[in-house]
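Welcome, and thanks for opening the viewer. Keep your selection tool handy, and we will walk through the model one stop at a time.

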Amino acid sequence: MSKLAFPSWPVFGEEERKNLLEVFESGKWWYGEKVKEFEKKYAEFQDTKFGVTCTNGTAALEISLLACGIGAGDEVIIPPYTFMATASAVLKVNAIPVFADIDLDTSNIDSSDVEKKITKNTKAIIPVHFAGLPCDMDALNKIAKKYKLRIIEDACHSWGSKWKGKGTGALGDCGCFSFQMSKNITSGEGGIILSDKKELVETARSYSNCGRAKGKGFYEHFLLGSNYRMTELQAAILLAQLTRLEEQTLKREENAKYLDENLKNIPGISLMKRDPRVTRRSYHLYIFRFLKEKWNGITREKFLAALKAEGIPAWAGYPVPLYKNPLFQKKGKGPKFCPISCPYYGKKIDYSKVFCPNAEKICKEAVWINHPVLLAKKEDMKNIIDGITKVWENKKELK
Ligand SMILES: Cc1ncc(COP(=O)(O)O)c(C=O)c1O
C-alpha cells in the first residue's frame, strides 16, 4: 500500500497570526491581558475556577507539589507508565516517588495498588490520565479522603477529557497541563495549573512568580519561588488554539470510536477499555496492546514494521517503566543524590527492587498512534483498519 497521508501537527491559522501581531504591537510581551484571558478561558473549559499558567507541564507539577505543601521526606505515589516529569517533579521538591502499578486495560494507575503503597510518609497521589483517558477518580478520591492525601492530577494528556461530566484537572486538589509542541493544544512550550482552591492557586502563583504575593511590592518576596511565567506570546497562540480544541477533541473521539468498533475482533490485539463514567475523552494517543502469544512467534517490532509498510505510523512508546531508568537504577548502592539517599529521609528506598508487572508488560506490548492521525478523514481510519487486519491475516508471511 502506498504511504497514507495524515494531518501534520501543529495546526494553526489566521487566529494565531492575528493574536501574535496584537501582542507584538501592544509592546507588552510578558504577563498581561492575554495570559489572564487564557487562564480564565482554559479554567472554564476544564470546569475549574482558577488557572495559573507557567512555562511547561513539568513546572506545573513542581509548583503544584510545592503549593500542596509536599516536601522533604514525603512520599508521593505515581504510576511508572508515564513521562519522566511525573517522577522528576516529585524529586525536585525533595520528595520520594513511590510507584504503584497500572491497570492493563486502561494504562492508568491501579487504585488497589495505590492503597497497598501507602505508608505513614505518604502525602499525595499523582494520577496520570494516560493518553487522555481519565483515571478512576471515584476510587482515588475515596483513598485520598481515607488517608488524608492530596491529589495532583497529571492531566498533561487530557485537555478536554471529562469524568462524570467534569473536566480533568477539576477532579482532585489541582491539575497540571502541558502545552508542549506534541500536545493537543500547543504554544511550543507552556503549562497551566488548575484548581478550585483559591489559597492553593495564590500559593501556586507566588511560586511561579518569584515568591511575590498579591497586593504586595514588586521587590517583596515571600516564598522560595522562581520565574516560571508564561509569556503573552504563548498565551496569544493558546487562545487561538483553544478555539479549535473542542472540535478537534470530538473529531478524534469519533475516529477512535470507529477504530475501536472495527479492531475489537482482531484476536492479536487488545484495545483500551473505557469506563462508562468517562463522559468525554481526549486522545493524545490511540493505544492498543500487541498480544504476542496470538502471533505465532511474530514480535511486536515485526508487527510495527509491517504496519509501517502499510503506511500506518505506529510506535512502541516507553521502552521501560520509569523506575528502570538509569536515574533510579544506579549500580552499587543506589542513586547518590538527595532526596533518595538523604539521611534525613529516615528510610531506604531501592528502586532496583521495584517491580510493577503490568507496567513491565505494557512496555513490551504497547502500540501507540499519535493524535494528529485521529484528525484525518473516516476513509483514512478505514485504511488503518484494513492495514492492521491485513497484517493479522497474513501473519504467517511475517516470519
Ligand atoms: C504525562 C506527562 N506529564 C508531564 C509532562 C511534562 O510536560 P512538559 O513537557 O510540558 O514539561 C509530559 C510531557 O510529555 C507528560 O507526557
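Which helices each supply at least two residues of the shell around the ligand? Select α3 (57–67) and α4 (85–92): each of these helices gives at least two residues to that shell. Keep in mind as you look around that this is a predicted model.

**Stop 1: the ligand**

Now show the whole shell, which holds 14 residues. Those that come nearest to the ligand are N56, G57, T58, C156 and S178, so label these five, counting a residue as near when its C-beta atom, placed from the backbone, lies within 6 Å of the molecule. Then colour the shell by class: you should find nine polar residues, four nonpolar ones and one charged residue.

**Stop 2: two domains**

Zoom out and give each domain its own colour. Domain 1 covers 14–241, while domain 2 is made of two segments, 245–317 and 360–398. If you place a marker at the C-alpha centre of each domain, the two markers will be 29 Å apart.

How many residues of each domain are in contact with the other? Select 23 residues on the domain 1 side and 21 on the domain 2 side. On the side of domain 1 that touches domain 2, the residues split into ten polar, nine nonpolar and four charged.

**Stop 3: a helix pair**

Next, select helix α2 (residues 33–45) together with helix α8 (residues 232–263). Their axes are 8 Å apart and the packing angle is about 35°. Turn the view to look through the pair, and you will see a left-handed crossing.

To see what makes the contact, show these side chains:

- From α2: K34, V35, E37, F38, K41, Y42 and F45.
- From α8: E232, A235, A236, L238, L239 and L242.

Colour this set by class as well: the contact of α2 with α8 has nine nonpolar and four charged residues, with no polar ones.

**Stop 4: a three-stranded sheet**

For the last stop, display the open sheet whose strands run in the order β10-β12-β13, paired antiparallel. Why is one side of β10 and of β13 left without a neighbour in the sheet? Both β10 (269–271) and β13 (366–370) stand at the edges and have a single partner strand each, so each keeps one side unpaired within the sheet. Going from one strand to the next, the twist averages 30°.

Finish on β10 and strand β12 (residues 285–290), which are joined in the antiparallel sense over three bridges. Pick I269 and look across to β12, where F290 stands opposite.

Conventions
Residues numbered from 1 in each chain as written. Predicted model: local features only at pLDDT ≥ 70, side-chain atom pairs only at ≥ 80, totals over all residues. Domains from an automatic or database assignment. Contact = placed C-beta atoms within 7 Å. Nonpolar A, V, L, I, M, F, W, Y, C, P; charged D, E, K, R; others polar. Helix = DSSP H or I, 4+ residues; strand = E, 2+ residues; numbered from the N terminus. Axes fitted to C-alpha atoms, helices over the stretch in contact; angles between N-to-C directions. Left-handed = near helix turned anticlockwise from the far one by under 90°. Pairing = 2+ DSSP bridges.
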